[in-house]
Amino acid sequence: MISRTFLILISLLFLSKMGISQSSAKPKLIIGIVVDQMRFDYLYKYWDRYCDDGFRKLVNEGYQCKNLQYNYVPTYTGPGHTSIYTGTTPERHGIVSNDWFEIKSQESVYCSEDKTAYTVGSETAGVGRMSPINMLSTTIGDELRVATNLRSRVFGVALKDRASILPAGHIANAAYWFDSKTGNWVSSSYYMNKLPDWLTKYNQSQPAMKYLKGNWETLYDINSYASSKPDSNAYERLFKGKTSATFPYNLSELMPLNDGQGLIRSTPFGNTITRELAEELIKQERLGKGNFSDMLCISFSSTDYVGHHFGTDAIETEDTYLRLDADLAKLLKFLNEWVGDENLLVFLTADHGGATVPSYLMDLKVPGGYMNYSIVTEKAEAWIKEYCGLDSVLLKLTNDQIYLDEKSVIKAGKNPKELQQLLADSLLLLDGIHYTSTATKMTNEEYTRGTKMLMQKGFYAKRSGQVLISMEPNWIEYAKTGTTHGSAYSYDTRVPMLWYGWKINHGSTADSYFIDDIAPTLSWLLNIPFPNACSGNPIRIPLKNYE
Ligand code: ZN
Ligand code: ZN
């Protein structure tokens, strides 16, 4: 005879199976960290200078992919963040650059712009005209939301709108970014009609001014910055109103001429206020305290502004990484106290690398140079005129791509495909141009290696140009001070890739992985679908007690 107790036990077991909590085998909180413009080698260039609890903790206790690269061009912020979280490349997610030219409307389009949205959290009109509508595919956060019937919560935080909005995805609970005019953290009507009360109150404390009232001095004795060039050198761009790029920087004095509170972007404190907001958001939204995995996408943007400003070998850049390391240590400590490392899954990577300042390498006799877009435009227009007699066929040269008014070429009785190829061949005559291709080739051929493949994975016909250019190594289109990124070379494509917490075993691999492998790895760890346009594959991370 079946005992009454046994029946109760069976029904309890049955009820618990129907309960609304997810399997305990999932992390409670997933933290994605993107460090803008962080090259792989920055992990080791400053290794001895980092503390034990920041980058070194992630490397020493987590799992590292030492050869993860971007597999498309151009390597910019908008496409970078999108590719990390969608598990695919611009070819499929459609974010081909930060800005692109739209032939149909004859207008430039910004990657996270949305003309139907308005700012929430300040009176600054343009800053909140943003949403992820231009991104064609789902992110890992979108898949997590759908897989849990919207019970997982997903947020984005970054100084840059695109670095917050695109990672968080279409179904995000909210994305927040920085309004440099007011110093407020803001959002857009895509997510909400007013900021949550906690954030309105938080903004009243003027989070950026706390740092802008002080000086930016080096964290350690300035003479200890042995990995960097001297404090004043020829490869750094100056702040307006300053005659040399030297410490200390009196920030309140520099503010009026350097974008007001926007100045904080180009200092390490832009990362600090991002970390502070992330922690406040986690506490206020109680992320990781529910029954379903929550996710926060954090992007540290100041590393990019500082890199563009001072280049790869400046004390300012080193100091920014040392201070980011200290912020990372604080964040990891906070997260461990909040949910415990066993419930926490962290990954850290970058949206692209950056070129060692070309003028510096050229002084060291390395070949390189500076591309002048007006010369390229002038030459291209002359070749076009010769071919079809028309003056205004070249609509735009941007992102190393030429956009052509092909309708006018057809009207003139000429063949636009022939013109594409003619330009692609002629451009090779110019110094610094290494390789060219055309929209026709991108559409009709299938490339499996080299620059051609990178171009193809970055190409989406409705938004990309008709003639594509790749420069020679150590060539950039930029000022001679500071640096930039965007190329197909490893200084731009190779980034850190660290996994930490939850069931992640310690270790590292030199196997080759690509940026679109990160999101499917998360899908694999969480047992949820890949993002809908995913083209990557899970990274084989060794796991503890994982079924
Ligand atoms: Zn970037
Ligand atoms: Zn940048």
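Colleague: Which helices each supply at least two residues of the lining of the second largest pocket?

Modeller: In this predicted model, they are α16 (406-411), α17 (416-427) and α18 (439-444), and α18 gives the most, with 3 residues. Helices are DSSP runs of H or I with at least four residues, strands are runs of E with at least two, and both are numbered from the N terminus. Residues are numbered from 1 along each chain as its sequence is written, while chains are lettered from A and ligands numbered from 1 in the order in which they are written. As this is a predicted model, local features need pLDDT of at least 70, side-chain atom pairs count only at pLDDT 80 or more, and totals for chains, interfaces and linings use all residues; side-chain values use heavy atoms, leaving out hydrogens and water.

Colleague: What makes something a pocket, and what volume does the second largest pocket have?

Modeller: On a 1 Å grid over the protein atoms alone, a pocket is an open set of points where a 1.4 Å probe fits, with protein on both sides within 12 Å along at least five of seven lines; lining residues have an atom within 4 Å of a point. The second largest pocket comes to about 460 Å³, the space filled by probe spheres set on its points. It is lined by 20 residues, with Ile103, Glu406, Ala461, Lys462 and Gln466 closest to its centre.

Colleague: Why can one say that the largest pocket lies between domain 1 and domain 2?

Modeller: Domain 1 (29-98 + 109-354 + 492-526) and domain 2 (369-476) both contribute lining residues, so the largest pocket lies between them. The bounds come from an automatic or database domain assignment. This pocket holds about 860 Å³, and among its 45 lining residues Tyr76, His308, Tyr478, Thr484 and His485 lie nearest the centre.

Colleague: Now the metals. What makes the site of the zinc ion (ligand 1) tetrahedral?

Modeller: Its donors, meaning N, O and S atoms within 2.8 Å of the metal (3.2 Å for Na, K and Ca), come from Asp36, Thr77, Asp351 and His352, at 1.9 to 2.1 Å. Four donors count as tetrahedral if all angles lie between 85 and 135 degrees. The angles here are 95 to 133°, so the site fits that range.

Colleague: Why is the site of the zinc ion (ligand 2) called irregular instead?

Modeller: Asp304 (twice, through OD), His308 and His485 coordinate the zinc ion (ligand 2) at 2.1 to 2.5 Å. The angles among its 4 donor atoms are 55 to 155°. Square planar, for four donors, needs opposite donors over 155 degrees apart and all others between 65 and 115, as does octahedral for six; anything else is irregular. The 55° angle is outside both four-donor ranges, so irregular it is. The zinc ion (ligand 1) is 4.1 Å away. Aspartate 304 lies in helix α12 (residues 302-310) and histidine 485 in the loop between β19 (475-476) and α20 (490-493), so the pair ties together parts 181 residues apart in sequence.

Colleague: Why does aspartate 400 count as buried, and leucine 150 as partly exposed?

Modeller: Buried means under 20% relative accessible area, exposed over 50%, and partly exposed in between (1.4 Å probe, protein chains only). Aspartate 400 is at 16%, so it counts as buried; leucine 150, at 45%, counts as partly exposed. Phi is positive in both: near 60° for aspartate 400 and about 70° for leucine 150. Most residues other than glycine have a negative phi.
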